Each structure stands twice: as structure tokens, then as C-alpha cells.
Amino acid sequence: IYVGDTFKILINFLNVSKYTLEEVGITATLQRNSKTYESPILLSTKVNSLTPNENCQFSISHKVEEPDVYMLNVEIDSRTINHVISSYYSQLSMPIPPNKKRMLKRYKFDAKVPLSVSNVVADFEDYYIVESKVKNESNGLVFLRAVEFLPSLSHTVEALSFQNGESVYKKFPSFKPGEARNFLFRVAQRDSALEGRSYSVIVRDSVEVGSIKLGWNYPMGDSSDITMQKITVSSNQSSEVHVEIEDLPNYLVLEKPKALVCRVWNRSGNTLHLNLSLDDSVTQGIKLYGLPDNALGTIEQGCFKTFEIVALATNPGIQKVSGIKVSDDFTNSEWLFQEIGELLVKRE
């Protein structure tokens, strides 16, 4: 099944026992792998009784909005009535003991996006050209409704087509299975001064410029929209400040702290007054601790200063040392380094 499809399921419940079933409750819920997903109740109904070989049918339909692995759970509760036993308890003027049964059936299926997007970014001096290739990965026709570039907060965009100044291509004919088309976007750095805004510039070794949003329809009328993965490019500004590790060790031992001496270079054409901090959001297999509280201070152009930090490896294998943020008091700029080195992590 593909995202945007509406699936329809016919549930046929047949009483194959020799006894009458009473108070038959049927519930159908939909689960998925995502932990934040609330399982909707697609069906909740009751049947008073079902005699032997009698059946009942129910229909369920649901539109799938997001890609994931789904599980349809159909649960049936009932009470069995044995007429011989019932007659015996009736003669004794005693209540009939309950004989409840429960049955659960599970149906697993994948929901996939029918379209794939691959991006190629060309870096020019003042802007980027993003070429997005959209391909129909499904086994049926897809009517592409829109291909839109959603720029990040620090960038602007326009589609390179007859729709000048817009960031979206609209209304295309059908895409056959396996068919692909290319779309071009011109992405530029947003000029905060022209917009009357003031904010600090965060410089990273990679920069998010935006993402592609797709809208499509199926031949039967179902439609859907989805935003694809973020598009990042290498930053051409990160060379102003550089962080490196002196005497990189051959390896780290898992969960054993190791002191590392780091060097911060000023490669800009100006004097910088630098501070250090950590950003845990980009660290994975190696955690960093013990960053000095005091500022690095003034660093002249072409010079460096050293500082010591403690690395604690939490996962084995080849891991990146990342998460060091350097800020400059003079220009109100920040540099976030998502990789200052790679280290092999071994178990002791």
C-alpha cells in the first residue's frame, strides 16, 4: 500500500462452533511502529448472538497518511451458550456460569511513499542550484500535483521555470511507473539587513537549505502531501574558525574517559574573541565533558589557542568527535563543528 491510499477490508466472522455465541464484541484498531502514534479505533460494534454456522460481515476503510509499518488488530469477545448446560442450570434455578472467549487476529502491512526524490546541489558564488529528480516508484499511475521547495529560515528560493519568483511547480500530467522528471530551484542566502532583521549567524560545517514537498493524486481520487528529507550543503564559511585534536589517539576504550587536547585556529582576517560550549544534539557515539568555563579570549588572525576536554565513548566502532560550538563576541557569530575527528572505539 502507498501513502495517500485508502485501504478497505471486509471482515467476515463465522461461528464454526456447535454453540450459540452471545454478546459478540468486535473491535479493530490500527497500530504502527512510531511510538508517538495514537492507535485509532476503526471499528467497535456488538452482535447480540450468532448461532452455529451463522456469520456477520463488517467493512473498514482508512486513509494512510504517513509511511510506516502498520498492524491492523481485530479482536473478538464472545460468550458461549451450551443449551444442555443452560437447561441443567435452569432446572436447578441457578445462574448460568459465564464462558467467555477472546480471539485476536493481526494483519501487517507496509505503507510506502510512491515517489522518491534525489537531489544534486551545484554551489555557485552567491547561490545554489538544486536539481531535484522525482521518480514514480509505485506500480501504478500517479498524478503529480505540486513539487515545492521549502527554504530554511536563512535561505530564499525560486523555481527556475516560467513561474518566476515562485518556489513551486504545479499541475503535471500523470507519472507512469518508473518515470522520472527533474526540477530546478535557485536557492540564495537570505539578506537579514534588507529585511530589517537582526540575528546571530550560526556557521556549521554543513548547512540546511531546505526540503522538497510533494503533492500527488491517484487515479481513484485519493490525494496526499509529504515533505521529504532535508537538503544540506557544505558550508563555505566554516574555514574562519577551525577546531582540531592534537595527537589524535589510535583508539578509545568503551566507557573509559580519555583527555583530549584540542586546538582552535583563527583563520579569518580579523581578531576574534572566542568562547566555547557544547551542543549535545549532534553528538552520538562519543560524549564530551569537562569543557573549561572561562572564555578562550582574544585570538589574533592566523593564531590558535589550546584547551582540554574529556571524551567518553558510549558505542563501539568508528565514531565521530562532534558537538563543540565556538562563538565570537565581536561579530556575534557561532560555529558548530559536527566532526572534528574520527576515532576507533574498542571494548576493553
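## A four-stranded open sheet

In this predicted model, 4 strands come together as an open sheet, running in the order β7-β8-β13-β10 with antiparallel pairing. The edges belong to β7 (115-123) and β10 (155-159); each has a single partner strand, so one side of each is left without a neighbour in the sheet. On average, neighbouring strands here are turned by 25° against each other, direction ignored.

Let's look at one edge. Strand β10 pairs with β13 (residues 180-189) in the antiparallel sense, over 5 bridges. Within this part of the sheet, Val-157 has Val-187 of β13 as its bridge partner.

## Asn-73 and its surroundings

Another spot worth a visit is Asn-73, which lies in strand β5 (residues 68-81). Is this residue buried or exposed? With a relative accessible area of 7%, Asn-73 counts as buried because the cut-off for that class is under 20%.

The side chain of Asn-73 makes a polar contact of 3.2 Å with the side chain of Arg-106. Leaving aside residues up to four places away in sequence, Asn-73 touches Thr-27, Ala-28, Thr-29 and Gln-31, along with Leu-104, Lys-105 and Arg-106.

## Cysteines

How many disulfides does the structure hold? The count is 0. For background, a disulfide is a covalent bond between the sulfur atoms of two cysteines.

Two cysteines can still be described by their exposure. Cys-262 is buried, at a relative accessible area of 1%, whereas Cys-303 is partly exposed, with 36% relative accessibility.

Conventions:
Residues are numbered from 1 along each chain as its sequence is written. This is a predicted model: local features need pLDDT of at least 70, side-chain atom pairs count only at pLDDT 80 or more; totals for chains, interfaces and linings use all residues. Side-chain values use heavy atoms; hydrogens and water are left out. Helices (H or I, at least four residues) and strands (E, at least two) are DSSP runs, numbered from the N terminus. Buried means under 20% relative accessible area, exposed over 50%, partly exposed in between (1.4 Å probe, protein chains only). A polar contact is a pair of N or O atoms within 3.5 Å; within protein, one must be able to donate a hydrogen and the other to accept it, and residues adjacent in sequence count only if both atoms are side-chain atoms. Contact means heavy atoms within 4.5 Å. Two strands pair if DSSP finds at least two bridges between them. Axes are lines fitted to C-alpha atoms, for helices over the stretch in contact, and angles run from 0 to 180 degrees between N-to-C directions. A disulfide is a pair of cysteine sulfur atoms within 2.5 Å.
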